Amino acid sequence: MRHAITILAATVLLSACQNASPPAGRMPLPVERTPPRTPAAIQLAASIDAYKSLVAQQIMAANGEYTFNGRLPPMLPAIVVLDLSVGPDGELKSVHVHRSRDSEASAAALAAVRRVPAFFPPAGHLMRRHARTFDFSETFLFNDQYRFQLRTLSGPQ
């Protein structure tokens, strides 16, 4: 009898796992999931400059419609320096404005960092002993349309 109950329970569980198609005219709601952080997806930077470059690339990729390419204009209407603190696993712990004279550009720079959908690269190997965060700054260079480039990735002027 115990064996029959075990088989019945297993059958019920397996049937619940089958992909049932939704009723006609109704589509299932998509489930948003954060992609798993597999070892192959994790990229470690060899230096602080390399780390800043990886972070800058992520910020630029997440903000394509807010950025510009090419040479910087001779006169930049806004420059914002942000201080970022990242945990050993790459989680953004804090971000704040270090220097700016333009509140609109400051808000745009903060929003750009927060728009990055996932963790930054792990930073534990770059942290000082007993430090809880890896702290660095990034400079946002704005043009007349309030689109930006990041100083880490911009070429010579």
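Helices (H or I, at least four residues) and strands (E, at least two) are DSSP runs, numbered from the N terminus. Residues are numbered from 1 along each chain as its sequence is written. This is a predicted model, in which local features need pLDDT of at least 70, side-chain atom pairs count only at pLDDT 80 or more, and totals for chains, interfaces and linings use all residues; side-chain values use heavy atoms, with hydrogens and water left out.

**Exercise 1. Place alanine 45 in the chain and decide whether alanine 45 is buried or exposed.**

Step 1. Start with the location: alanine 45 sits in the loop between helix H1 (2–16) and H2.

Step 2. Now for the surface. Buried means under 20% relative accessible area, exposed over 50%, and partly exposed in between (1.4 Å probe, protein chains only). Alanine 45 counts as buried because its relative accessibility is 6%.

Step 3. Next, look at who surrounds alanine 45. With contact meaning heavy atoms within 4.5 Å, and leaving aside neighbours within four places in sequence, alanine 45 is in contact with Ala50, Tyr51, Leu54, His125 and Leu126.

Step 4. Pick histidine 125 from that list. Alanine 45 and histidine 125 are 80 residues apart in sequence, yet their C-alpha atoms are 8.7 Å apart in space.

**Exercise 2. Find how far the confidence of the model carries along the chain.**

Step 1. The score to use is pLDDT, the predictor's confidence in each residue, from 0 to 100. The chain has a mean pLDDT of 80, and 71% of its residues reach 70 or more.

Step 2. Then turn to residues 8–41, where the pLDDT is below 50. Beyond near neighbours in sequence, this stretch has six contacts in the model.

**Exercise 3. Work out the order of the elements and the layout of the sheet.**

Step 1. Count the elements: the chain has three helices and four strands. Read from the N terminus, they run α-α-β-β-α-β-β.

Step 2. Assemble the strands, remembering that two strands pair if DSSP finds at least two bridges between them. The result is an open sheet of four strands in the order E2-E1-E3-E4, with antiparallel pairing. E2 and strand E4 (148–150) are the edge strands, each pairing on one side only.

Step 3. Add the angles. Axes are lines fitted to C-alpha atoms, for helices over the stretch in contact, and angles run from 0 to 180 degrees between N-to-C directions. From one strand to the next, the twist averages 30°.

Step 4. Bring in the helices. H2 packs on the sheet, touching E1, E3 and E4, and its direction makes about 50° with that of E3. Helix H3 (residues 103–114) also packs on the sheet; H3 touches E1, E2, E3 and E4, and its direction makes about 35° with that of E1.

**Exercise 4. Describe the hairpin of E1 and E2 and the salt bridge of glutamate 91.**

Step 1. Six bridges join E1 to strand E2 (residues 92–99), and the two run antiparallel. One pair to look up is valine 81, which stands opposite arginine 99 in E2.

Step 2. Five residues lie between the strands of this hairpin, and glycine 90 takes a positive phi near 100°.

Step 3. A salt bridge is a side-chain nitrogen of Lys or Arg within 4 Å of a carboxyl oxygen of Asp or Glu. The structure holds one. Glutamate 91 forms a salt bridge with lysine 93, their closest N and O atoms being 3.2 Å apart.

Step 4. Check the surroundings of both partners: glutamate 91 is partly exposed because its relative accessible area is 33%, and lysine 93 is partly exposed at 47%.

**Exercise 5. Follow threonine 67 to its neighbours.**

Step 1. Threonine 67 lies in the loop between helix H2 (48–62) and strand E1 (78–86). With a relative accessible area of 14%, threonine 67 is buried.

Step 2. Its side chain reaches the backbone oxygen of glycine 64 at 3.2 Å. That fits the term polar contact, a pair of N or O atoms within 3.5 Å; within protein, one must be able to donate a hydrogen and the other to accept it, and residues adjacent in sequence count only if both atoms are side-chain atoms.

Step 3. Not counting residues up to four places away in sequence, threonine 67 touches Met60, Arg147 and Phe148.
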